[in-house]
Amino acid sequence: MLEATHIRKSFGDTRVLKDVSLRVSRGEVVAIIGRSGSGKSTLLRCLNDLETVDGGEIRIGGQALVTMQAGQPVYKKDGERRALMLKMGMVFQSYHLFPHCSVLRNLTMPQKLVLGRGDGEAEAKARDLLAKVGLSDKAGAYPCQLSGGQCQRVAIARALCMDPDILCFDEPTSALDPQLTQEVLGVIRRLAQEKRTMIVVTHEMRFARDVADRVIYMEDGVVVQDGPAQEVLGDHRSDAIRAFAGE
Ligand SMILES: Nc1ncnc2c1ncn2[C@@H]1O[C@H](COP(=O)(O)OP(=O)(O)O)[C@@H](O)[C@H]1O
Ligand SMILES: [Mg+2]
């Protein structure tokens with residue numbers, strides 16, 4: 001479903017990703033954990049084409065976004081590149097909703113602008129997904145009238161409206177208090193039960209252990225561990241993971 005190999009990325013002299021590889025199969029939930037600054041967001045941003053790589057290859061659904069040619073990364077041409085990125089959805093820590101638009105419009109506008117859907121179809125899809133995240137009664141509300149947890153559930157519904165093949169979350173609950181965190185994690189759990197393909201950067205270790213099929217632990221721009229959640233986070237977890245978890 002998604003394959004990234006030998007990804008390298010620097011900002012100036014800072015080497016943020018040093019030869020990172022990652023595979024995600026259809027229906028798999030992969031959690032990425034690691035200390036702040038280890039490169040998790042940069043990796044997600046490269047996979048979503050919000051940053052360009054300095055080296056390495058990325059394939060989504062078998063199609064190349066970027067390949068190495070004569071030692072240099074070469075990206076697909078614009079049209080194909082945009083079409084390919086429609087397969088990816090992204091949910092950010094800080095929601096990124098349009099503040100001056102109602103919840104419903106936040107969900108319909110991207111469908112109309114990017115996918116060319118008509119009003120009726122876009123609205124039906126939006127209402128369907130609002131129901132799914134338990135916010136049918138908030139269609140007419142504005143983001144400032146919602147709690148952080150509700151905003152994040154709107155952001156998840158908005159991403160789902162675009163029918164992505166792979167949904168990525170970058171610390172979706174780090175701005176939320178414990179109760180709102182559980183509300184948002186509950187929505188992600190249900191998506192996992194539906195066998196959606198997801199990559200979730202998270203600090204919620206229990207969530208990662210319970211919901212993820214695989215857990216990737218990053219340190220300082222490299223993947224230190226990549227294995228079944230029970231192996232990486234279970235009773236036989238490594239000293240590195242114990243140290244990371246503050247045990
Ligand atoms: N746009 C940027 N410009 C310069 N440095 C950046 C940029 N984005 C991230 N970094 C640096 O890259 C490193 C990894 O950041 P990040 O990927 O956000 O890590 P994480 O998400 O694991 O906390 C940090 O040292 C950060 O300061
Ligand atoms: Mg981050």
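1. How far from a polar backbone atom of Gly 37 is an oxygen atom of ligand 1? In this predicted model, the two atoms are separated by 2.6 Å. Backbone N or O atoms of two further residues also face oxygen atoms of the ligand, that of Ser 38 at 3.2 Å and that of Gly 39 at 3.0 Å. Of the 560 Å² of accessible area that ligand 1 has on its own, the protein covers 57%.

2. The surroundings of ligand 1 consist of Phe 11 and Val 16, together with Arg 35, Ser 36, Gly 37, Ser 38, Gly 39, Lys 40, Ser 41 and Thr 42. By character, this shell divides into 6 polar, 2 charged and 2 nonpolar residues. Helix α1, which spans residues 40–47, supplies the largest share of the shell, namely 3 residues.

3. Turning to aromatic contacts, the structure contains 1 aromatic pair, formed by Tyr 217 and Phe 244 in a tilted arrangement, with 5.3 Å from centre to centre and 45° between the planes. The pair connects distant parts of the chain, since its members are 27 residues apart, with Tyr 217 placed in strand β10 (residues 214–219) and Phe 244 in helix α9 (residues 239–244).

4. On the surface, Leu 86, Leu 113 and Val 114 together make a nonpolar patch of about 300 Å². Of these residues, Val 114 belongs to helix α3, which runs over residues 103–115.

Notes. Residues are numbered from 1 along each chain as its sequence is written. Chains are lettered from A and ligands numbered from 1 in the order in which they are written. This is a predicted model: local features need pLDDT of at least 70, side-chain atom pairs count only at pLDDT 80 or more; totals for chains, interfaces and linings use all residues. Side-chain values use heavy atoms; hydrogens and water are left out. Patches are made of residues with over 30% relative accessible area and no salt bridge: like charges are joined within 9 Å, nonpolar side chains (Val, Leu, Ile, Met, Phe, Trp, Tyr) within 5 Å. Accessible areas come from the Shrake-Rupley method with a 1.4 Å probe; for residues, only the protein chains shown count as cover. A salt bridge is a side-chain nitrogen of Lys or Arg within 4 Å of a carboxyl oxygen of Asp or Glu. Helices (H or I, at least four residues) and strands (E, at least two) are DSSP runs, numbered from the N terminus. A residue is near a molecule or strand if one of its heavy atoms lies within 4 Å of it. A polar contact is a pair of N or O atoms within 3.5 Å; within protein, one must be able to donate a hydrogen and the other to accept it, and residues adjacent in sequence count only if both atoms are side-chain atoms. Ala, Val, Leu, Ile, Met, Phe, Trp, Tyr, Cys and Pro count as nonpolar, Asp, Glu, Lys and Arg as charged, and the others, Gly among them, as polar. Rings of Phe, Tyr and Trp (its six-membered ring) pair if their centres lie within 6.5 Å; planes under 30 degrees apart count as stacked, over 60 as edge-to-face and the rest as tilted.
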